[in-house]
Amino acid sequence: MLGEINFDGIIGPSHNYAGLSLGNLASATNALNISHPRDAALQGIEKMRHNIGLGLSQGFFVPLPRPNHEWLGDLGCTVQDAPETIRPAAFSASAMWAANAATVSPAPDCSDGRCHLTVANLRTMPHRSHEWPDTHTQLRLAFANGEHFRVHRPVPPAFGDEGAANHMRIAASHGAKGVEIFVFGKRGGTFPARQHIEASRAVARFHQLDPDRILFAAQAEEAIAAGAFHNDVVAVANENVLFAHEKAFEDRAELYTALRRLVPEVEIVEVPTNAVSLDDAIKSYLFNAQLVTLPEGGMGLILPEEARETPSVWRYLEDMVAGNGPIRELFVVDVRQSMANGGGPACLRLRVVADPAGVDPRFIADEEKLDLISEVIAEQWPERIAPEDLLNPQLWEQVEEARENLLERLDLEELV
């Protein structure tokens, strides 16, 4: 039976604050601070546990190999002699933000009746550009069932693609045929626009989507310049609901008109600037919440603590759920270590609408498996990483051994 499964990236043992992401204000603000990989990973596990407690289907992806020796070799160096402009990128744990792993189109939207996933090339930022080969390997393992899934290689790197963070879907229900919205950047002003329209068009072709049920929407340049480096910082969708900031799209009127024509059941919840400024929306990651359908009916938002701590945001949310709109529940989770590097609850997950029975069960979470993962993290993840620690061979060894032990415990040795 088709349903939503959220696959969260387990935060890797090399999680550190190197400030590598231009345009990501949280990443820049916390650059060179001390990180706490163990706390970060355990916070992520508790978010997964929270969502299972809500009755939601939950999966996970494991950290990628770090430092990335193969990538360093392609650059003519090793971890020992890598320049300071390169070494931090080889250690980046940014693959934890699984929303950038791939773009996903559920089976009802694809002409061959399979769920399609295209791995993101992430070519705009050097520290993310080397993720895709290992991500591709992992997705091909998790979604190996050819009857249910097809996993595509990335769009060629001439065109930047950052995955599901710039993609939304509106449908009467998860199992109904939907309209897929590809959000692209134009210029972005101060910061680079990371999603190219040609990449989005290519993904739509790979996925065999109905051309009459595809929308391409430009992200507002004002939003990109304000720090909304991905669309999911200013908009999120679930089934028939679009929850977005007034300043999210360059031409929101055109987008809304098209959506109402194609999906008459659509409900658009737009947050006006006079209620929540663009700066407060980005600072709090209001829209980087997970918007989910609850098993008992209705929808809820899974929000970071920072949303509750931002007065304008929390006031708006309390008024919203007190009304008669489609979003009726608020759930707050602690993902501060991820937030400090620029990723909220929705960044940490890749949403896949599929039959869980078709997924490799090793990637499906339950309480027992989360207990096992937590045990490995508590025992082997570094407690803290300061910038100078990336020069320490003992840290390199600890990071690699921790990941390998987790893979062994999860029976995923083929990913070592």
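Mentor: Welcome! A residue is called buried when its relative accessible area is under 20%, exposed when that area is over 50%, and partly exposed in between. Please keep in mind that this model is predicted.

Trainee: Thanks! Is Arg 49 buried or exposed?
Mentor: The cut-off for a buried residue is under 20% relative accessible area. Arg 49 has a value of 16%. That falls under the cut-off, so Arg 49 is buried.

Trainee: Which residue meets the side chain of Arg 49 in a salt bridge at 3.2 Å?
Mentor: The partner sits 3 residues away in helix α2 (residues 37-53), so about one helical turn separates the two. This partner is partly exposed, with a relative accessible area of 43%. The 3.2 Å runs from N to O, and the residue is Glu 46.

Trainee: Which residues are linked with Glu 46 and Arg 49 in a network of salt bridges?
Mentor: Side chains of opposite charge can pair when their charged atoms come close. Here the network links Glu 46 and Arg 49 with Glu 367 and Asp 371.

Trainee: How many salt bridges does a search of the whole structure find?
Mentor: The pair of Arg 49 and Glu 46 is one of them. Another joins Glu 246 and Arg 252, at 4.0 Å from N to O. Across the whole structure, the search finds a total of 22.

Trainee: Which residue forms a salt bridge with Lys 247?
Mentor: The closest N and O atoms of this pair are 3.7 Å apart, and the partner of Lys 247 is Glu 222. Lys 247 lies in the loop between β10 (241-245) and α9 (252-262), whereas its partner is in helix α8 (residues 221-225), so the bridge ties together parts that are 25 residues apart in sequence. Lys 247 is partly exposed at 27%, and at 47% relative accessibility the partner also counts as partly exposed. The residue you asked for is Glu 222.

Trainee: What radius of gyration does the protein chain have, and what would a compact globule have?
Mentor: The C-alpha atoms fill a box of roughly 60 × 45 × 40 Å along the principal axes. With 416 residues, a compact globule would have a radius near 22 Å, and the chain agrees with this at 20 Å.

Trainee: What share of the residues in the protein chain is buried?
Mentor: The chain is built with 15 helices and 15 strands. It exposes about 15700 Å², of which carbon and sulfur atoms supply 49%. Among its 416 residues, the buried share is 61%.

Trainee: Where is Leu 122, which has a positive phi although it is not a glycine?
Mentor: The phi of Leu 122 is about 50 degrees. At 2% relative accessibility, Leu 122 counts as buried. Its place is in the loop between β4 (115-119) and α5 (126-129).

Trainee: Which residue does a cis peptide bond join to Arg 66?
Mentor: The omega of this bond is about -5 degrees. The partner is found in the loop between β2 (57-61) and α3 (69-74). The residue joined to Arg 66 is Pro 67.

Trainee: How many Å apart in space are Arg 140 and Ala 82?
Mentor: Arg 140 is in helix α6 (residues 132-142), and at 52% relative accessibility Arg 140 counts as exposed. In sequence, Arg 140 and Ala 82 are 58 residues apart. From C-alpha to C-alpha, their separation in space is 31 Å.

Methods
Residues numbered from 1 in each chain as written. Predicted model: local features only at pLDDT ≥ 70, side-chain atom pairs only at ≥ 80, totals over all residues. Heavy atoms only, no water. Helix = DSSP H or I, 4+ residues; strand = E, 2+ residues; numbered from the N terminus. Buried < 20%, exposed > 50% of the residue type's maximum accessible area, 1.4 Å probe, protein only. Rg over C-alpha atoms; globule rule 2.2 N^0.38 Å. Areas by Shrake-Rupley, 256 points an atom, 1.4 Å probe, with all protein chains shown as cover.
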